[in-house]
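Student: Could you walk me through this one? I'd like to see how a helix gets checked and what it packs against.

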Amino acid sequence: MSAIRTKLHHQLQTVTARIPVLNSTAATRGGVQPWNSRLRELANKSLFSEALSVYLQMLRSGASPNAFTFPFALKSSAVLSLPITGEQLHCQAIRTGCLLEPFVQTSLISMYCKCNFVDVARQVFDENPLSRKLTVCYNALIAGYALNLRTKDTVSLFCEMREFGVEINGVTLLGLVPVCGVAGNFGLGMCVHGCCLKFGLNLDFSVGNSLLSMYLRCGEIKTARKLFDELPGKGLITWNAMINGHAQNGLANDVLELYREMEASGIQPDPVTLVGVLSSCANLGAQEVGKEVERRIHACGFLANPFLNNALINMYSRCGNLVKSRQIFDRMPVKTVVSWTAIIGGYGMHGQGEVAVDLFDDMIRAGTIPDRAAFVSVLSACSHAGLTDKGLHYLDTMEQKFHLSPGAEHYSCVVDLLGRAGRLDEAHGLIRTMKAKPDGAVWGALLGACKIHRNVELAELAFERVVELEPTNIGYYVLLSNIYTDAGDSEGILRIRVMMRERKLKKDPGCSYVEFKGRVHLFVSGDRSHPQSKQIYEFLDELECKLKELDQNRAEEQLRGLSGMGVHSEKLAVAFGLLNTKEGAEIVVMKNLRICGDCHLFMKLVSKILPRREFIVRDPTRFHHFRNGVCSCKDYW
């Protein structure tokens, strides 16, 4: 890009001096028209460097640019971020007398805004007395202010536009929408929506889609749904906005429902749609739906799309099917750093840290430069597998070899790595000396390590820091309460309960998902709402008897919660899976909270008495594969 920039600047500067001083009507229209057509064609095909080269050829040929030439050249300069080239074009527009032409004026304003010279764009606007009479000039500057998140200037200019009686159209309101999606500006978004209604633009296709995206970015799901239902003739863009907006808000179940609605309405998905659906399948563990999407990818000829392949790798990994995930990765002809990161993260989540490390080293040998996300994946993999020395090596390599400054997300992985290995003092020392500011995740990693190694004193220090940063994160209160429980400190438990009550915090209920025949079945702790609840609890009673026969010497409390109101959600999910699948089929359970020691023991024992079954449990951080009484985590979680 720098070579193109230097060459174009030099050539334009040389040629500009030879342009005669003309007005726009003096330009030879017949001579410039073929050049304008070519410029339009190249710009429309996004061949912007080529467009500027053609512009130079036009100047050398002796043809003089006119008002229809500059918009394409200025657009090319804006997209390529060539502000100096844009300035030279500005000079040429003055010399040829085209500056006051509305299309040239708006193109100049847009170019300067896109190159982050917003104040220069305002100067161009102010210097032309016609600007305050033209909707297109206002629209260009409003969109430029919004693009640069100059909210106050955006609103002020819109108010000025209304005050002067300049016509407002859909493009005006589209320019306002970007600043409405910024945190704290939701009220402004409501006002913009009101203006749309007032000016009769609420049913405009582009305006409606922009408002829909704005509400979804602000997390206003119900309002977005109401607007969506009111929009006539919903096209692919509208459906994509809804599907991806719900996916970004973590509403995976709603995404799958929307996808079904979209299919029923006859709208064909594109790669953008399918990436959003696959993301939700990954979050829910809805592998069967993900397989349907993969079949659709094949049928639509999207198999070579790298974004979809990366999404498939992530989906199968997070649904517990690492074999399929690896097959997709291996068949990709071109593997980007995102592809490598997805497969490394998949192996890390499944506790196969050695494989993840080998893949990371393979990536570097293949010439792919790791980015910050890739290092998070490999450091996390080292943490889950207990590869302490390897993880510390990668932290050093990140900075020394690849010149990437570790962020809080990298340090939290290493603190977790050291903490799990029992090196609590080193973990605490790393937090004190780390270059990035410690966030809640960093101190939370230390708190979690204190739970494993029952270090109450350091846990209290970590808790004090973490609640300063994340005072409403209920997980940290529960974690310290469990540490006090293990230590037999009833006063500590009481203090935490009082603190939670004063801050009006409630523990999130444990819930687990199981997918069966393309439908996700949800269970919560003590759940009796499922249609098969009676059979599930009866089956758990039978399991309890068999487990007691397996090991009579186990303390009764180690098998607590198998029946009654307190039974944990993953046990209900496993019982449901056993009741509804054939012998030999694996059972995959997705859980929203970290698996507890009681349930971990339960899964190991059940897998021992049912040796032809594999039980896979995914909690928020990793997978546990239970087979023949053994867990893949080797009790290191």
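**Helix α18 and the core**

Tutor: Let's start with α18, whose buried residues (under 20% relative accessible area, 1.4 Å probe, protein chains only) are L308, N309, N310, A311, L312, I313, M315, Y316 and S317. This is a predicted model, where local features need pLDDT of at least 70, side-chain atom pairs count only at pLDDT 80 or more, and totals for chains, interfaces and linings use all residues. Residues are numbered from 1 along each chain as its sequence is written, and side-chain values use heavy atoms, leaving out hydrogens and water.

Student: How far apart are the end C-alpha atoms of α18, and why does that agree with its 13 residues?

Tutor: Helices here are DSSP runs (H or I, at least four residues), numbered from the N terminus. The expected span is 1.5 Å times one less than the number of residues. For residues 306–318 that gives 18 Å, so the helix agrees with its end-to-end distance of 18 Å.

Student: Which residue has a side-chain oxygen reaching the backbone nitrogen of F307?

Tutor: Look at the start of α18. The oxygen comes to within 2.9 Å of that nitrogen, and it belongs to N305.

Student: What do the buried residues of α18 pack against?

Tutor: Contact means heavy atoms within 4.5 Å. One partner is a strand, β5 (623–627). The others are α16 (271–284), α17 (287–300), α19 (322–331) and α20 (337–349).

Student: Which residue follows α18 with a positive phi?

Tutor: Go just past the helix. The phi there is near 90°, and the residue is G320.

Definitions and conventions. Helix = DSSP H or I, 4+ residues; strand = E, 2+ residues; numbered from the N terminus. Buried < 20%, exposed > 50% of the residue type's maximum accessible area, 1.4 Å probe, protein only. Polar contact = N/O pair within 3.5 Å; in protein donor to acceptor, adjacent residues only side chain to side chain.
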